[in-house]
Amino acid sequence: MPQLNDKAVGAVLLAIGTFVFTYYSIWTLVIPFVDVEQPIRKLFPPQWFAIAIPVFLLVVGVTGIFGFLSFVMLQSGKKAAKKST
């Protein structure tokens, strides 16, 4: 029974990832060549966000990773200090 649930979650995550990839690819590769008057342009945010959103996510991700590594290093340093005394 747990495998069925895991497969369903995996299928949903795959569908979401495929949708996001397709949407972003169309947004960045096709929409710049579409006329401004076309109604399909209303489905997509301004092109500035195509760069700003990934940069923001990258900065937040790298900050989180380095914050976690700093926390782990500080905790291990405290444990080493307690052992030596």
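**View 1. F19, Y23, Y24, W27 and F44 gather into one aromatic cluster.** This is a predicted model. By the pairing rule used here, the count of aromatic pairs comes to 5. One of them is Y23 with F44, a stacked pair at 4.8 Å centre to centre and 25° between the planes. Y23 sits in helix α1 (residues 2-29) and F44 in the loop between α1 and α2, so this pair ties together parts that are 21 residues apart in sequence. As for cover, F44 counts as buried at 12% relative accessibility, while Y23 is partly exposed, at 28% relative accessible area.

**View 2. W48 and F49 make an edge-to-face pair.** Their rings lie 5.1 Å apart centre to centre, with 75° between the planes. W48 counts as exposed, at 60% relative accessibility. F49 comes out as partly exposed, at 34%.

**View 3. A nonpolar patch on the surface takes in L58, V62, I65, F66, F68, L69, F71 and V72.** Together these residues offer about 800 Å² of accessible area. L58 belongs to helix α2 (residues 48-84). With 57% relative accessibility, L58 is above the 50% cut-off, so L58 counts as exposed.

**View 4. Zooming back out, the chain has 2 helices and 0 strands.** Its C-alpha trace spans about 75 × 40 × 15 Å along the principal axes. The radius of gyration is 22 Å, where a compact globule of 85 residues would come in near 12 Å. Just 7% of the 85 residues count as buried. The chain exposes about 7500 Å², with carbon and sulfur atoms supplying 77% of that area.

Conventions. Residues are numbered from 1 along each chain as its sequence is written. This is a predicted model: local features need pLDDT of at least 70, side-chain atom pairs count only at pLDDT 80 or more; totals for chains, interfaces and linings use all residues. Side-chain values use heavy atoms; hydrogens and water are left out. Helices (H or I, at least four residues) and strands (E, at least two) are DSSP runs, numbered from the N terminus. The radius of gyration is taken over C-alpha atoms; the globule rule is 2.2 Å times the number of residues to the power 0.38. Buried means under 20% relative accessible area, exposed over 50%, partly exposed in between (1.4 Å probe, protein chains only). Accessible areas come from the Shrake-Rupley method with a 1.4 Å probe; for residues, only the protein chains shown count as cover. Patches are made of residues with over 30% relative accessible area and no salt bridge: like charges are joined within 9 Å, nonpolar side chains (Val, Leu, Ile, Met, Phe, Trp, Tyr) within 5 Å. A salt bridge is a side-chain nitrogen of Lys or Arg within 4 Å of a carboxyl oxygen of Asp or Glu. Rings of Phe, Tyr and Trp (its six-membered ring) pair if their centres lie within 6.5 Å; planes under 30 degrees apart count as stacked, over 60 as edge-to-face and the rest as tilted.
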